[in-house]
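Please keep the sequence and the 3D view side by side while you read, and take the time to find each part before moving on to the next one.

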Amino acid sequence: MVNWHSLDTVFLDMDGTLLDLHFDNHFWLEHLPRRYAEFNNLSPEEARDSIIPMIMAERGSLNWYCTDYWSNRLNLDITGLKAEVGERIGYRPHVTDFLDAVKSAGLRSVIVTNCHPDPLSLKLERTGLDSRVNNIISSHQLGKPKEDPAFWQDLDRLEPYQPAATLMVDDSFPVLESARAAGIAQCLAILAPDSRQAARDRHPDIPSIHHFDEILPSLRQRQPLPSGQ
């Protein structure tokens, strides 16, 4: 499923790949509509009917992920509201073991996320995830989401990489398709990003797993290159 011996870099999505997507789904589908209703004297149903189409209209764009944009659009402190349910932020199964194994194998690990820097800081504070990887890049640093094919060329300026020696792991099929079109040699899909929801169907062309324990044995067989190689 993954040719570990051909790799030197592992790009990792964060939400739904390393962290449980339940937090984000709960926030956008339940907590935000409830708080928006309170601020605007609406019923939760009215708030949801107003907010959800607004959000879906931005799907795939940088605005979709931008807390500044939604704070201005909804006249709410989105990052502050996210902190109200911050106890729901947590790792997906086997993630810490996987990240430890990536490090032991001598591979460079880089989080490549569409998450805005403000909620990103909240998630790092809650999880300490930044201490487990070599670097973190937010698409907001590049001004375009990972779904944009130009993102991957721009990424090379901040985090130089060889596409032929890189693996991208993500729960978003459009992102993986974008990465593959940009020349990234290996892509892997996560099928169970939200612990409270059923797993999704597999992508017809991209290998997939439910959890990282499915690829841990083969990763642990990879030996790091000798120093200087």
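The paragraphs below go through some helices, the contacts between them and a few single residues.

Before we start, it should be said that this is a predicted model. A good place to begin is the pair formed by helix α1, which covers residues 22-40, and helix α2, which covers residues 44-56. Their axes come within 8 Å and cross at roughly 120°, and the two helices are therefore oblique to each other. The crossing in which α1 passes α2 is right-handed. Which residues of the two helices meet there? On the side of α1 they are W28, L29, L32, P33, Y36 and A37, and their partners in α2 are P44, A47, R48, S50, I51, I52 and I55. Sorted by class, this contact of α1 with α2 has 11 nonpolar residues, one polar residue and one charged residue.

Between α1 and α2 there is a loop, and N41 lies in it. The phi of N41 is near 55°, which is a positive value in a residue other than glycine. Is N41 buried or exposed? With a relative accessible area of 73%, N41 is exposed, because a residue counts as exposed when its relative accessible area is over 50%.

One residue of the contact described above, Y36 in α1, can be looked at on its own. The relative accessibility of Y36 is 12%, so Y36 counts as buried, since buried means under 20%. If its neighbours within four places in sequence are left aside, Y36 is in contact with L42, A47, S50, I51, L74 and L76. Among these, A47, S50 and I51 also appear on the α2 side of the contact between α1 and α2. For a sense of distance across the model, one can go from Y36 to S218, which is 182 residues apart from Y36 in sequence and 47 Å apart in space, C-alpha to C-alpha.

Helix α2 also packs with α4, a helix that covers residues 67-74. Here the angle is about 140° and the axes are 13 Å apart, which makes α2 oblique to α4. As in the passage of α1 past α2, α2 passes α4 in a right-handed crossing. The residues that meet are I51, M54 and I55 in α2 and W70, R73 and L74 in α4, and they divide into five nonpolar, no polar and one charged. I51 and I55 are thus found in this contact and also in the contact of α2 with α1.

What can be said about the sides of α4? In this helix T67, W70, S71 and L74 are buried. Seen down the axis of α4, the buried residues fall within an arc of 105°, so they line one face of the helix. The parts that cover them include α1, α2, α3 (62-65), α5 and α7 (117-127). After α4 comes N75, which lies in the loop between α4 and α5, the latter covering residues 78-84. N75 is not a glycine, and yet its phi is positive, at about 60°. Its relative accessibility is 71%, so N75 counts as exposed.

On the other side of that loop, helix α5 holds E84. At a relative accessibility of 38%, E84 counts as partly exposed, because this value lies between the limits of 20% and 50%. Once its neighbours within four places in sequence are left aside, E84 is in contact with H31 and R35. E84 and H31 are 53 residues apart along the chain, and their C-alpha atoms are separated by 9.0 Å.

The last stop is helix α8, which covers residues 150-158 and in which F151, W152, D154 and L155 are buried. These residues cover an arc of only 160° around the axis, which puts them on the same side of α8. What covers this buried side includes the strands β1 (9-12), β2 (108-113), β3 (135-138) and β4 (166-170), together with helix α9 (173-181). Which exposed residues does the face of α8 turned away from its buried side carry? That face carries Q153 and R157.

Conventions. Residues numbered from 1 in each chain as written. Predicted model: local features only at pLDDT ≥ 70, side-chain atom pairs only at ≥ 80, totals over all residues. Heavy atoms only, no water. Axes fitted to C-alpha atoms, helices over the stretch in contact; angles between N-to-C directions. Helix = DSSP H or I, 4+ residues; strand = E, 2+ residues; numbered from the N terminus. Parallel < 35°, antiparallel > 145°, perpendicular 65-115°, else oblique. Left-handed = near helix turned anticlockwise from the far one by under 90°. Contact = heavy atoms within 4.5 Å. Nonpolar A, V, L, I, M, F, W, Y, C, P; charged D, E, K, R; others polar. Buried < 20%, exposed > 50% of the residue type's maximum accessible area, 1.4 Å probe, protein only. Arc of directions from axis to C-beta.
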